[in-house]
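Biologist: I'd like a close look at one part of this model, with the cut-offs behind each term as you go. Please take me through a single sheet, strand by strand, and then settle on one side chain in it.

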Amino acid sequence: MSLDYDQASGRTLVGTFGYGENLFCLDAGGQLLWKVYLPEHEVHAVRWYDEGKRAVAATARGWWVFLLAGDSGKVLRKFRGVEWPEMHYSEGAVRTPFTLQINPALRQIIVASRSGLLAVDYEGNRLWFHDLAPEIVTIPQSAEQSGVAPAFPISASLGNFAFSPDGKRIALEFYRIMGSAVAPGALRLEDAWAFRPRLLDAGQGNLLLENSECPADQFSPSGWRVRWPENADCLLYTSPS
């Protein structure tokens, strides 16, 4: 289930797994205002935007992003939110959630998926795409190439992201495989991941900075958290340890 609350009007968006109607809008008293069915199903992310005039929702089965009228739920536009869905070796494409955030300062909707960061305007027109595919599929030469080498490599991974207070920059949680090491308690070499946070220009999607100071001391691409507090000139990164 996914929820978003519009403080100005008291309305709440509720997204569900449903095969029938799966997105609901409730008023401040909990009464139903409208409901719609968004194919394929599983509405895993919903957001109000444009001061409550519109809403954006995403389905994990079908990987669509839907832009809707806030007063009726009418679908105004839809587009693919994911280039590479999650794949099962025998079942094909499966459930693939992704992240939606609104950047009111630049009137943007940002979609973060496995292969990069997509920015569209409030009408759904593509502004830019920060493409991570080349880095994801490039196997580091320093990594172990036998035994556990994957048939389809994933050598980089995108985590969460945060906007600067003025909305002009985006901080990314980004991880890279830097080599191989023996994990604690393991009897074989594992991929050694390093946290490599990035700073992007929100207007154009250009890379401004990548920090390379963190050592490759992780065995999975996870754990760090980025925040950019309001009225702050600095980023806050929380270590997994």
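Modeller: Gladly, and one term comes first: two strands pair if DSSP finds at least two bridges between them. Strands are DSSP runs of E with at least two residues, helices are runs of H or I with at least four, and both are numbered from the N terminus. This is a predicted model, in which local features need pLDDT of at least 70 and side-chain atom pairs count only at pLDDT 80 or more, while totals for chains, interfaces and linings use all residues. Residues are numbered from 1 along each chain as its sequence is written, and side-chain values use heavy atoms, with hydrogens and water left out.

The sheet I have picked is open, with 4 strands in the order 1-2-3-4 and antiparallel pairing. Its edges are strand 1 (2–6) and strand 4 (32–36), each of which pairs on one side only. From one neighbouring strand to the next, the average turn is 15°, direction ignored (axes are lines fitted to C-alpha atoms, for helices over the stretch in contact, and angles run from 0 to 180 degrees between N-to-C directions).

Let's begin at the N-terminal edge. Strand 1 pairs with strand 2 through 5 bridges in the antiparallel sense, and Ser2 has Gly15 of strand 2 as its bridge partner. These two strands make a hairpin with 4 residues between them. In that turn, Gly10 takes a positive phi of about 80°.

Next comes strand 2 itself, residues 11–15, which runs antiparallel to strand 3 and is joined to it by 4 bridges. Gly15 turns up again here, standing opposite Leu23 of strand 3, and Val14 stands opposite Phe24. How much of strand 2 is buried? In strand 2, 4 of the 5 residues are buried, so the strand is largely enclosed by the rest of the structure (buried means under 20% relative accessible area, exposed over 50%, and partly exposed in between, with a 1.4 Å probe and protein chains only).

Now for the side chain. Phe24 belongs to strand 3, residues 23–26. Is Phe24 buried or exposed? Neither label fits: Phe24 is partly exposed because its relative accessible area is 21%. Leaving out residues up to four places away in sequence, Phe24 touches Thr12, Leu13, Val14, Thr16, Leu32, Trp34 and Lys35 (contact means heavy atoms within 4.5 Å). Val14 is thus both a contact of Phe24 and the residue opposite Phe24. Trp34, another of these contacts, lies 10 residues from Phe24 along the chain, with 6.0 Å between their C-alpha atoms.

For context, here is another sheet in the model. This open sheet also has 4 strands, ordered 5-6-7-8 with antiparallel pairing. Strand 5 (41–49) and strand 8 (75–80) are the edges, each pairing on one side only, and the twist from one strand to the next averages 20°. Inside this sheet, strand 6 (residues 54–61) and strand 7 (residues 64–69) pair antiparallel over 5 bridges. Ala58 stands opposite Val65 of strand 7.
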